[in-house]
Amino acid sequence: MPRVPLRWVLWDIKDTLLKVRGSVGDHYSKEAGRWGLSLHPEEINAAFRETYRRYSSRYPNYGVSQGQTGQTWWIGVMRDTLAECKVNDPALLNTMATNLYQDFCNAEKWEVFPDSKTALEQCSSLGLKLGVVSNFDNRLETILRNCGLLSHFSFVVTSEAAGMGKPSPVIFNQALQKCGTSADRVAHVGDHYVYDYLASRSVGIHGFLLDRDDSHKEGDVPQEHRVVTLDELPSRLQELVIE
């Protein structure tokens, strides 16, 4: 059967189009300094990794199914991370965590990869419409707007709003509804082998794996499905934009 022409590209965000500038520890340490506290970024990073792992296991997808929101989930993670670093005042912990939650909406907390905007523009120039499918909380639209990326997209679907995150087909099916077309007319680009590549392909979407550090050596991702820079993507997609 002939292929149908590609019409949409769905995008993962974190570690695909942008990443946290520096480290979480750097940002938490700076906030602590505003309150006269000296916390070492490496100590914060270690505490954050453990706290994030614990929360993600106990309250997956921001605890949405357990009555939490992205905001309450993240403030809990931030508060408990700082408490692990010997910040003991409950009121101060809440204030610092709330400040950090709001501050991570700001563009200076994020680094847009050098190839991101050009790739988005080139995809649009192929006549493709763009959407977002991201395991992220509901700050994402604000972050994308502040980083100068939101105008590229027709819609944003976050896992907090969808009620389920990748690799569940639920979030992809919600995105497909917004596209208003069948999965074989849609591509998806992301950096995670399971959450982005395998999950999108499981629902019939043309999945592409972004492998920025060229570390995915398994032979189960054909070369034509793998890019190490977004500069390679438009030509791969152009092959699917057929009439």
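**Exercise 1. Find the residue of β6 that is the bridge partner of tryptophan 8, then place β6 in its sheet.**

Step 1. Tryptophan 8 has valine 186 as its bridge partner in β6. Strands here are DSSP E runs of at least two residues, helices are H or I runs of at least four, and both are numbered from the N terminus. This is a predicted model, in which local features need pLDDT of at least 70, side-chain atom pairs count only at pLDDT 80 or more, and totals for chains, interfaces and linings use all residues. Residues are numbered from 1 along each chain as its sequence is written, and side-chain values use heavy atoms, with hydrogens and water left out.

Step 2. β1 and β6 pair in the parallel sense over four bridges. Two strands pair if DSSP finds at least two bridges between them.

Step 3. Now turn to β7. Strand β6 (residues 186-190) pairs with strand β7 (residues 206-210) in the parallel sense, over four bridges. Histidine 188 stands opposite glycine 207. Valine 189 stands opposite phenylalanine 208.

Step 4. Read off the whole sheet. It is open, has six strands and runs β5-β4-β1-β6-β7-β8, with parallel pairing. β5 (155-158) and β8 (226-227) are at the edges with a single partner strand each, so one side of each lacks a neighbour in the sheet.

**Exercise 2. Decide which way the residues of β6 point, and name the helices that pack on the sheet.**

Step 1. Start from the rule. In a regular strand, side chains alternate between the two faces of the sheet.

Step 2. Apply it. Val186, His188 and Gly190 point one way from β6, while Ala187 and Val189 point the other way. Five of the five residues of β6 are buried, meaning under 20% relative accessible area; over 50% is exposed, and in between is partly exposed (1.4 Å probe, protein chains only).

Step 3. Add the helices. Helix α8 (residues 169-179) packs on the sheet and touches β1 (8-11), β4 (129-134), β5 and β6. Contact means heavy atoms within 4.5 Å. The direction of α8 makes about 165° with that of β5. Helix α9 (residues 193-202) also packs on the sheet, touching β6 and β7, and its direction makes about 160° with that of β7.

**Exercise 3. Describe the packing of α2 and α3.**

Step 1. Take angle and distance. α2 (residues 41-58) and α3 (residues 70-84) pack at about 135°, with axes 8 Å apart. Axes are lines fitted to C-alpha atoms, for helices over the stretch in contact; angles run from 0 to 180 degrees between N-to-C directions.

Step 2. Classify. That angle makes α2 oblique to α3. Under 35 degrees would be roughly parallel, over 145 roughly antiparallel, 65 to 115 roughly perpendicular, and the rest is oblique.

Step 3. List the contact. Among its residues are Ile44, Phe48 and Tyr52 of α2 and Trp73, Trp74 and Val77 of α3.

**Exercise 4. Locate the backbone exceptions.**

Step 1. Recall the norm. Most residues other than glycine have a negative phi, and most peptide bonds are trans.

Step 2. Check phi. Aspartate 15 has a positive phi of about 70°. Aspartate 15 sits in the loop between β1 and β2 and is partly exposed, at 30% relative accessible area. Lysine 86 has a positive phi near 75°. Lysine 86 lies in the loop between α3 and α4 and counts as exposed, at 63%.

Step 3. Check omega. The peptide bond from lysine 166 to proline 167 is cis, with omega near 15°. Proline 167 is in the loop between α7 (159-162) and α8.
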